[in-house]
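Here's a quick tour of a protein fold, pitched for someone just starting out. Have a look at the structure first, then read on.

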Amino acid sequence: MIRNLIFTVGAFALFSVNASAQHIRAGIIGLDTSHVLAFTKTLNTTPQKPEVMGVHLVAAYPQGSKDIESSTKRVPEYTEKVKALGVEIVPSINDLLDKVDVVFLESNDGRVHLEQILPCIEAHKPVFIDKPIAGTLVDAIKIFDASKKASIPVFSSSSLRFGKGTQAVRGGSIGTVKQAETTSPASLEEHHPDLFWYGIHGVESLFTVMGTGCQSVKRGTTADGKITVTGTWSGGRTGTFTEAKAYGGKAVGETGEAAIGTYDGYDPLLFSAVHFFRTGIAPVSPEETIEIYAFMEAADESKRRSGAEVTLKEVMDKALAEARK
C-alpha cells in the first residue's frame, strides 16, 4: 500500500549541492507566510549562525495563494520586508530558478504546490516544501512521484517536528512509544481537508514520536466541540491529536513518559532544511509524510461517516489510483 510510494535516500546519493560548498544560493516561492521573514532574517543576517553558514536567500517569487484572502493580503508587506533584507524580487518561477541553487516552497496554500514545484524539479533544484505539502493527498503523491522520477530530493515538515522534547523521544529517550497525545490549534480553511491547514502541526508532532504504521483512525469532538482524532498503530499502539489553543502533548514509552509537541521556533526546521540542501538527504521520508497526510484525509472521511473507523489503506488505495491514472 503505502510502501509502493517509498524510495530511499540512497536514490539521491549521487545528488548533492556540493556538500562541502559554503555558498548556496536559496530562493523562495510564495511570500504569504510569516515563515519567509523568519527564514530570511536567519539566513541573511551577519554574522550568520554556524548551522546556516554560507547559505543566503537571494531571490523570491511573491505569488503564493491566488484566492485565500488571509494569505494574499500578506504578500505586499512580506515582499517589502524581504527586499529590505537583500532579497531580489523576481516576476516568475523560471526567473527565480535561473538565480538559485535550492528552493524554499513557502506558498501558504497547499493547492498550488504541485504546479509550483514541477518547474523546480525539472530544473534539478532540491526543494523544501513548507506545510501543508499539498492541498490533497493525491497531489502529495504526485509530488513525491515526480521527485522520485527525476531523482531530485524534496521534503516537507512542520516546524513542530523539530521541537527538542519531541526529537528526544523520537531518538529513543523513553524507548518505544506505546501511546501519545498531542495538541495544537487547528483553524480550518475551506479549500483544504480540515487538519491540513493548521492541525498539521500537532499531527506532525504525533507522527514524529509514533513513527509510521498507523492503520486506522476515528474522529470525534471533545465536550467543548474541538476536533479529536485517534489513530491505531500496528501492535495496538495509539496516538491522539486534539485541537487546543496550545502546542503540547505527552508520550508514554517503555521506560517512562515525556512532554512532547512544544514549539521551539523556526530555526530548528531551518537548520534541518539547510543540512538537507547541503547533503541531498531528506530528514523525513516520503513514506512518513504521505502517511501523515493519509491520517488527516482519513480523519475527514471519518467525519463524513459520523465518526466511523476508517483505514489508511482505504484512503491510500483511492488516492494512489487517482494519482496514477
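Which residues have the most contacts inside the largest nonpolar core? They are Leu195, Phe295 and Met296, and the core they sit in has 64 residues. Keep in mind that this is a predicted model.

**The cores**
- Helix 11, covering residues 286-304, chips in eight residues, which is the most that this core gets from anywhere.
- Leaving aside residues up to four places away in sequence, Met296 touches Leu195, Phe196, Ile200 and Val203.
- There's another core too, lying apart from that one, with 29 residues, including Phe104, Phe162, Leu269 and Leu270.
- As a rule of thumb, nonpolar side chains in soluble globular proteins tend to be buried together.

**The sheet**
- Six strands line up in the order 3-2-1-4-5-6 to make an open sheet, and their pairing is parallel.
- Strand 3 (88-89) and strand 6 (154-157) are at the edges with a single partner strand each, so each has one side without a neighbour in the sheet.
- Strand 5 (residues 127-130) runs parallel to strand 6, and four bridges join the two.
- Looking across to strand 6, you'll find Ser157 opposite Asp130.

**Two helices side by side**
- Helix 1 (residues 34-44) and helix 3 (residues 75-83) have axes that come within 10 Å and cross at roughly 5°.
- Because angles under 35 degrees count as roughly parallel, helix 1 is roughly parallel to helix 3.
- On the helix 1 side, Ser34, Val36, Leu37 and Thr40 meet Tyr78, Lys81 and Val82 of helix 3.
- Sort the residues of this contact and you get four nonpolar, two polar and one charged.

Key: Residues are numbered from 1 along each chain as its sequence is written. This is a predicted model: local features need pLDDT of at least 70, side-chain atom pairs count only at pLDDT 80 or more; totals for chains, interfaces and linings use all residues. Side-chain values use heavy atoms; hydrogens and water are left out. Two strands pair if DSSP finds at least two bridges between them. A nonpolar core is a set of buried Ala, Val, Leu, Ile, Met, Phe, Trp, Tyr and Cys residues joined through side-chain atoms within 4.5 Å. Buried means under 20% relative accessible area, exposed over 50%, partly exposed in between (1.4 Å probe, protein chains only). Contact means heavy atoms within 4.5 Å. Axes are lines fitted to C-alpha atoms, for helices over the stretch in contact, and angles run from 0 to 180 degrees between N-to-C directions. Angles under 35 degrees count as roughly parallel, over 145 as roughly antiparallel, 65 to 115 as roughly perpendicular and the rest as oblique. Ala, Val, Leu, Ile, Met, Phe, Trp, Tyr, Cys and Pro count as nonpolar, Asp, Glu, Lys and Arg as charged, and the others, Gly among them, as polar.
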